[in-house]
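Got your viewer open and ready? Here is a short tour, one selection at a time.

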Amino acid sequence: MDSLEANIEPADFAPRLIAWQRTHGRHELPWQRSRDPYRVWLSEIMLQQTQVSTVIPYYSRFLARFPHVHALAAAAADDVMALWSGLGYYTRARNLHRCAQVVVQQYGGAFPQTVEQLAALPGIGRSTAAAIAAFSFGVRSPILDGNVKRVLARIFGIDGFPGDKRVETAMWALAESLLPADEVSDEASGEASNDASGDVRQRDGAPVEPIVAYTQGLMDLGATLCVRGRPDCGRCPFAHACVANLTGRQRELPAARPRKAVPTRHTMMLVLRSADQVLLEKRPPLGIWGGLWSLPEAPDVDGLAARAAQLGGAPVVLAPLAPLAHTFTHFRLEIEPRLAQLVGEPRAAVRDAQADTAWVRLDAIGDYGLPAPVRKLLNALDGTLL
C-alpha cells in the first residue's frame, strides 16, 4: 500500500469531523436518536450495500411487523423473507432471522455489548459490530465499511484496491489511529444541547458521546459528500488536507476492484398458470435466492416441458415470454421464461412444512418472498399482481 501524507494531523481529524457532523450531518434518519440495539442492528444490516432511501420503507415495515427481537426470532422464515423481498442480498435476511434467534436463545433477548461478541453473531462483521456497539453502547472502536474506505483512501492518498488484504489491514490500523479521545472539547464536538439551527444534541435525553458523532460523521461524509461518482469537495471539511482533492485524483482513489471476466449463466423458468393462480417453488436454503419462492427452472425446453407436465399433471404448451437478465456480484444470470396455461384442475400443492411448491393466487403473490427479477417477470405478465 502506497500513500501520500495528508495535510492534517491524526489528532485533529476526529474533532474536525465531529464539528462538521454536528452542523452538516444527518440527524433525522428514523433509526437515529435511539440507543435501542435492536433498531440500530436492524438499520445497520439493511444499510449494508444499500442506499438509505431504499432502506427507510423496509425498516419501517420491519419494525411495524417485528417491533422487538423476540418477535423477529419467533417469526416464520417465509414471513421474514417476504418482508425483505426486493431489498436484495438475501443472505442478510437469513442471517438477520438467525441472529435474532441466537440473541434470544443465548442472551435472553439483550444484545451483547462488546464488539467481539457482536461480531460473532450471524451476519455481523467487524465493522458492523463496531457501529452497533458505538451507537448503542458508546463503545470506542473503528468502523471500515465501503464509504469509510473511500473517505480514508482519498483524504490520506491510499493507493491499492481497498478489498486487498494488505491494503485493508493498513486501513484498519489507520482507522484505529484516528478514533477520537474519550473527551472532545465542546467547541469541536458540539456537546451543547442546541445550536442556532435548532439541532438537538441528545440521544434518549443523554449527551451524544464523541464516538457516536464521529462514527456517524464518517458515514455521513462518505454518503453525502465523498461519494463515488462526483464528490462535493467544495463542501468537505477536509478539502484543504485531502490528497485526492489537492492532486486531482478523486476518480482514481480508491482504486477500483481488479477487473475479471463476469461469467454468464443461463436458465429457463416456468410460468405455470391455472386460472388466477401461478405455481411457485421454494428454493433450497443455500445458494442464490436461498429460501425464497421462485419459479420452477430447467436447463432447456425439454426439461422445462417435463417439469410442467410433472407439476401440472397434464400436457402443456410452452409459449416464450420476453427474456430478462439479472446481475449478481460474481456472475450474470440470463433468464428465458416460458408460459404454460393449464386447462382443468392442476395437481394439488399446498404450502406447509413439507411442501416445496404452492399454487398461489395472483392477488396473494405479495405475501411471498420473491427475487426481484421473478417479481418483475410476474408484474410484466399481469399488471394486477403486485
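Before you start clicking, one term: a cavity is a set of grid points where a 1.4 Å probe fits but cannot get out. With that in mind, this structure, which is a predicted model, holds 2 cavities of 30 Å³ or more.

**Stop 1: the whole chain.** Switch to a cartoon view. You should find 15 helices and 10 strands. Of the chain's 386 residues, 49% count as buried. Now think about contacts between residues at least 6 apart in sequence: 67% of them join residues at least 24 apart.

**Stop 2: the second largest cavity.** Select Arg154, Ile155, Leu225, Cys226, Pro231, Asp232, Cys233, Cys236, Phe238, Ala239, Cys242 and Asn245, which line the second largest cavity. The space inside comes to about 100 Å³. Color the lining by class and you get 9 nonpolar, 1 polar and 2 charged residues.

**Stop 3: the largest nonpolar core.** Next, pick Phe13, Trp41, Phe62 and Tyr214, the residues with the most contacts inside the largest nonpolar core, a group of 106 residues. Which helix gives the most to this core? Select residues 210-225: that is helix H12, and it supplies 8 residues. Nonpolar side chains tend to be buried together in soluble globular proteins.

Zoom in on phenylalanine 62. Leaving out residues up to four places away in sequence, phenylalanine 62 touches Leu42, Met46, Pro67, Leu72, Val80, Leu83, Trp84 and Leu96. Apart from the largest core lies another one, of 12 residues, and you can find it by selecting some of its members, including Met268, Leu279, Ala298 and Leu311.

**Stop 4: threonine 267.** Show strand E3, residues 264-274, and look for threonine 267 in it. Is threonine 267 buried or exposed? Threonine 267 counts as buried because its relative accessibility is 7%, and the cut-off for buried is under 20%. Turn on side chains and you'll see threonine 267 and glutamate 297 joined by a polar contact of 2.6 Å. Beyond its close sequence neighbors (up to four places away), threonine 267 touches Glu297, Ala298, Leu333, Glu334, Ile335 and Glu336.

**Stop 5: the second largest pocket.** Last one! This pocket has a volume of about 420 Å³. It is lined by 18 residues, and those closest to its centre are Gly88, Tyr89, Tyr90, His326 and Phe328. Highlight helix H6 (91-107), strand E8 (324-327) and helix H15 (372-381), the elements that give two or more residues to the lining. By class, the lining has 9 nonpolar, 8 polar and 1 charged residues.

Notes:
Residues are numbered from 1 along each chain as its sequence is written. This is a predicted model: local features need pLDDT of at least 70, side-chain atom pairs count only at pLDDT 80 or more; totals for chains, interfaces and linings use all residues. Side-chain values use heavy atoms; hydrogens and water are left out. Helices (H or I, at least four residues) and strands (E, at least two) are DSSP runs, numbered from the N terminus. Buried means under 20% relative accessible area, exposed over 50%, partly exposed in between (1.4 Å probe, protein chains only). A polar contact is a pair of N or O atoms within 3.5 Å; within protein, one must be able to donate a hydrogen and the other to accept it, and residues adjacent in sequence count only if both atoms are side-chain atoms. Contact means heavy atoms within 4.5 Å. A nonpolar core is a set of buried Ala, Val, Leu, Ile, Met, Phe, Trp, Tyr and Cys residues joined through side-chain atoms within 4.5 Å. On a 1 Å grid over the protein atoms alone, a cavity is a set of points where a 1.4 Å probe fits but cannot get out, and a pocket is an open set with protein on both sides within 12 Å along at least five of seven lines; lining residues have an atom within 4 Å of a point. Grid points are joined across faces, edges and corners, and a volume is the space filled by probe spheres set on the points. Ala, Val, Leu, Ile, Met, Phe, Trp, Tyr, Cys and Pro count as nonpolar, Asp, Glu, Lys and Arg as charged, and the others, Gly among them, as polar.
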